[in-house]
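Biologist: I am new to this structure and would be grateful for a close look at one part of it. Please begin with a single residue and work outward, explaining each term as you use it.

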Amino acid sequence: MTEKHIIAGSGGFIYTDWQLRVGPMLQYALKVSGKERPKICLIATAKGDDKSYIANFYNACSFENVQASHLELFTMPNHENIEEFILSQDVIWVAGGSVANLLAVWRLHGLDVILKKAWEAGVILTGQSAGSVCWNVGGVTDSFGMNMQLVTNGLALLPYTSGVHYDTEEQRRPLIHRFVAAGDLPDGYATDDGVNIHFIDRTFHKAISDRPNVFAYRITRTEDGSINEEKLEPEFLV
């Protein structure tokens, strides 16, 4: 049976000398692929396929031993056979941005089904922020404005809540607690900035980080309806 990997949360690329670079956590995902020169594909739907971000992605990858490509959906797909293209990749990186828009556009193009096939075939799915929430049942999002709102229509490859930017955006923690306690979201995991979680199949494997003094968290609803938050020490990759 093919082992399935999702490595996502609140980290990935980093800025060094004012340029985007492949960070330690994305390098970790590339190593998990086991390929000498892995194929990595950017999906930047959540950023509206922003041209400057795509250019920065290629620049960052030029410093690594990878084969970089991207899938563009605005204003039209840049690959005639999206499924064939996606299934040929080793690692998929999903950029942050609007998770609500991402999910709507993906479903319009059938990319939700294609990405599930890729995951089942062993393609490593990675991402940051919206690129983490999307693989889960849901979380909270600023897709609709400055006040965070509930999102529950993720791809649900992982049966969890994904709480991103847990230490830097003050609305997120109390809302995640509130929605999990109310049963609007399932139990799940949260990540401080600079932390990702590696799931093998649908099981927590480990948390990883690209900086010290940041954490992942396991969030569960207790029998009396309160919230238990367990701090998880990540493996520091630097």
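Modeller: Leu 111 counts as buried because its relative accessibility is 2%; buried means under 20% relative accessible area, exposed over 50%, and partly exposed in between (1.4 Å probe, protein chains only). This is a predicted model, in which local features need pLDDT of at least 70 and side-chain atom pairs count only at pLDDT 80 or more, while totals for chains, interfaces and linings use all residues. Residues are numbered from 1 along each chain as its sequence is written, and side-chain values use heavy atoms, with hydrogens and water left out.

Leu 111 belongs to helix α5, residues 111-120; helices (H or I, at least four residues) and strands (E, at least two) are DSSP runs numbered from the N terminus. When neighbours within four places in sequence are set aside, Leu 111 is in contact with Ile 43, Leu 71, Leu 73, Ile 82, Ile 86 and Trp 106, contact meaning heavy atoms within 4.5 Å. One of these partners, Ile 86, is 25 residues away along the chain, and its C-alpha atom is separated from that of Leu 111 by 9.2 Å.

Another partner leads to helix α4, residues 99-109, where Trp 106 is buried together with Val 99, Ala 100, Leu 102, Leu 103 and Val 105. The cover over these buried residues of α4 includes the helices α5 and α6 and the strands β4 (39-43), β6 (91-94), β8 and β9. After α4 comes Gly 110, whose phi is positive, near 75 degrees.

One element of that cover, helix α6, contains Ser 132. With a relative accessible area of 4%, Ser 132 is buried. Beyond four places in sequence, Ser 132 is in contact with Ala 8, Gly 9, Gly 127, Ser 162 and Val 164.

Helix α6 also has a part in the largest pocket. That pocket is lined by 22 residues, of which Lys 47, Gly 96, Gly 97, Ser 129 and His 165 lie nearest its centre. The elements giving two or more residues to the lining are β2 (13-16), α6 (130-133) and β8 (139-141). The search uses a 1 Å grid over the protein atoms alone: a cavity is a set of points where a 1.4 Å probe fits but cannot get out, a pocket is an open set with protein on both sides within 12 Å along at least five of seven lines, and lining residues have an atom within 4 Å of a point. The space in the largest pocket is about 290 Å³, with grid points joined across faces, edges and corners and the volume taken as the space filled by probe spheres set on the points. Its lining divides into 11 nonpolar, 7 polar and 4 charged residues; Ala, Val, Leu, Ile, Met, Phe, Trp, Tyr, Cys and Pro count as nonpolar, Asp, Glu, Lys and Arg as charged, and the others, Gly among them, as polar.

Strand β8 appears again in the cover of the buried residues of helix α7, which also includes β9 (149-151), β10 (161-163), β14 and β15 (227-232). In α7, residues 172-182, the buried residues are Arg 172, Leu 175, Ile 176, Phe 179 and Val 180. They lie on the same side of α7 because they cover an arc of only 125 degrees around the axis, the arc being that of the directions from the helix axis to the C-beta atoms. The face turned away from this buried side carries the exposed residues Arg 178 and Ala 182. Just after α7, Gly 183 takes a positive phi of about 85 degrees.

From the cover of α7, strand β14 (residues 216-221) holds Thr 220, which counts as buried at 17% relative accessibility. Apart from neighbours within four places in sequence, Thr 220 is in contact with Asp 187, Ser 226, Ile 227 and Asn 228.

Arg 172 of α7 counts as buried at 4% relative accessibility. Arg 172 also forms a salt bridge with Glu 169, the closest N and O atoms being 2.6 Å apart; a salt bridge is a side-chain nitrogen of Lys or Arg within 4 Å of a carboxyl oxygen of Asp or Glu. Glu 169 counts as partly exposed at 27%.
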